[in-house]
Structure formats: structure tokens, C-alpha cells
Amino acid sequence: MGKHRVFIESTNDIRIAGVLTTPSKAGKYPAVLFLHGFLSSKESKKTHTIIEHLKENVVCLAIDFRGHRESGGNIQEITLTGCLDDAKVAINFLCDQPEVDYTQLAVYGSSLGGAAALHLAAENPDIKALVLLAAVGDFKDLHTGEFSNENVIKWQEDGFTMFDN
């Protein structure tokens, strides 16, 4: 098995960090792209646990979206479009790996990553499976709820926001 740190160029010259995990035996394998939620990372416990179970039979790529952890970009400027751009270059990078059977692609997305995964799968017919965990379904509802115009401006100014549970 190989586990390698990788860097992929996304839009606007933003460098996306990732971890590519490949099975130890030579051959062609199915592949899964992992997309994390807002303020999470490629090293989340959920992602790590799933990859540990898949690592001998599946090629796995977990990335940090722009503005997160080791990736370039500014967290205050994150958008779904930017995350989708990151997901597109990541799936292309994954398909270019010699161990990947690109006819057996899956995407796993959690929260914000779930929204990006859903859009990616809708645009890419090569993706055969989709796993969504607490995916954001409608950003419009978020914006009209706790993400009012005032809250968005405050979030951009402060660099963070608080939510009531």
C-alpha cells in the first residue's frame, strides 16, 4: 500500500493538498474521492476510518478544499463553485493514476463536501456511486436562515461565524 501526499493545481492558481492511498498489490482498482465539510479536512476521523477499511481494495484520494488546512486560498473566500472546481481537478487527478479503473468511480462527501459531490456527480457521468453524509442541499435556505446578508458580512469581516443549536 502506498500513502502519498499530493498537490493538485485548481482554478485561480490555488494549490489543493491531498492524500492518495493505493492498494499494495499491482492492478486496476475502483477509486473514491473524499470531500470534507466546512472547516474540516482530509484528515477527519470519518475519512481516515473509511480509508482504513478500503485501502487494500480501493484507491482513495482525500483532499483539503481551498482555504482549508494545507491547501492554498483564503477560507473567507470559499464558495461552492470553488469547492466544485477543486473536486473536478481532484477527480481528474484520480482518474490519471495508473492503478485506477476509471469505470468504477465513487465520491464521498460530508456537509459542504456533500453538496460539492452532488454537483460533481450530476456533471460527470463517469461517477458510478455517491455517498452523502449530512450534505447541504440548498444554500439558498441557509442564506435566508442564519446566513442572512448581515451574518455573511460579519462572517467575512470576522473570519468565523457562530450558530445556535
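## A walk from the surface to an aromatic pair

The protein exposes about 9100 Å², and carbon and sulfur atoms supply 53% of that area. Keep in mind as you look around that this is a predicted model. Of its 165 residues, 43% count as buried.

Now for the layout. There are five helices and six strands to trace. Starting at the N terminus, the elements come in the order β-β-β-α-β-α-β-α-β-α-α. Contacts reach far along the sequence, too: take those between residues at least 6 apart, and 64% of them join residues at least 24 apart.

Let's go inside and pick up the aromatics. Search the whole structure and you'll find one aromatic pair. Phe-34 and Tyr-108 have ring centres 5.4 Å apart and planes at 45 degrees, so this pair is tilted. The angle settles the label because stacked needs planes under 30 degrees apart and edge-to-face needs over 60. What does the pair link? It ties together distant parts of the chain: Phe-34 belongs to strand β3 (residues 29-35), while Tyr-108 belongs to strand β5 (residues 100-110), 74 residues apart. Both partners, Phe-34 and Tyr-108, are buried.

Stay with Tyr-108 for a moment, as it leads on to another strand. Val-131 lies in strand β6 (residues 127-133), and its C-alpha atom is 4.6 Å from that of Tyr-108, although 23 residues separate the two along the chain. Which residues does Val-131 touch, leaving aside those up to four places away in sequence? They are Val-107, Tyr-108 and Gly-109. Is Val-131 itself buried, exposed or partly exposed? Its relative accessible area is 44%, so Val-131 is partly exposed; the buried class would need under 20%, and the exposed class over 50%.

From here, head back out to the surface. Leu-118, Leu-130 and Leu-132 make a nonpolar patch there of about 230 Å². Leu-130 and Leu-132 fall within the residue range of strand β6 (residues 127-133), whereas Leu-118 sits in helix α3 (residues 112-123). Leu-118 has 41% relative accessibility, so it counts as partly exposed.

One last stop, and a ring again, this time with a charge for company. Look for Arg-15: its charged end sits over the ring of Phe-7, 3.8 Å from the ring centre.

How values were computed. Residues are numbered from 1 along each chain as its sequence is written. This is a predicted model: local features need pLDDT of at least 70, side-chain atom pairs count only at pLDDT 80 or more; totals for chains, interfaces and linings use all residues. Side-chain values use heavy atoms; hydrogens and water are left out. Patches are made of residues with over 30% relative accessible area and no salt bridge: like charges are joined within 9 Å, nonpolar side chains (Val, Leu, Ile, Met, Phe, Trp, Tyr) within 5 Å. Accessible areas come from the Shrake-Rupley method with a 1.4 Å probe; for residues, only the protein chains shown count as cover. A salt bridge is a side-chain nitrogen of Lys or Arg within 4 Å of a carboxyl oxygen of Asp or Glu. Helices (H or I, at least four residues) and strands (E, at least two) are DSSP runs, numbered from the N terminus. Buried means under 20% relative accessible area, exposed over 50%, partly exposed in between (1.4 Å probe, protein chains only). Rings of Phe, Tyr and Trp (its six-membered ring) pair if their centres lie within 6.5 Å; planes under 30 degrees apart count as stacked, over 60 as edge-to-face and the rest as tilted. A charge sits over a ring if NZ of Lys or CZ of Arg is within 6 Å of the ring centre and within 35 degrees of the ring normal. Contact means heavy atoms within 4.5 Å.
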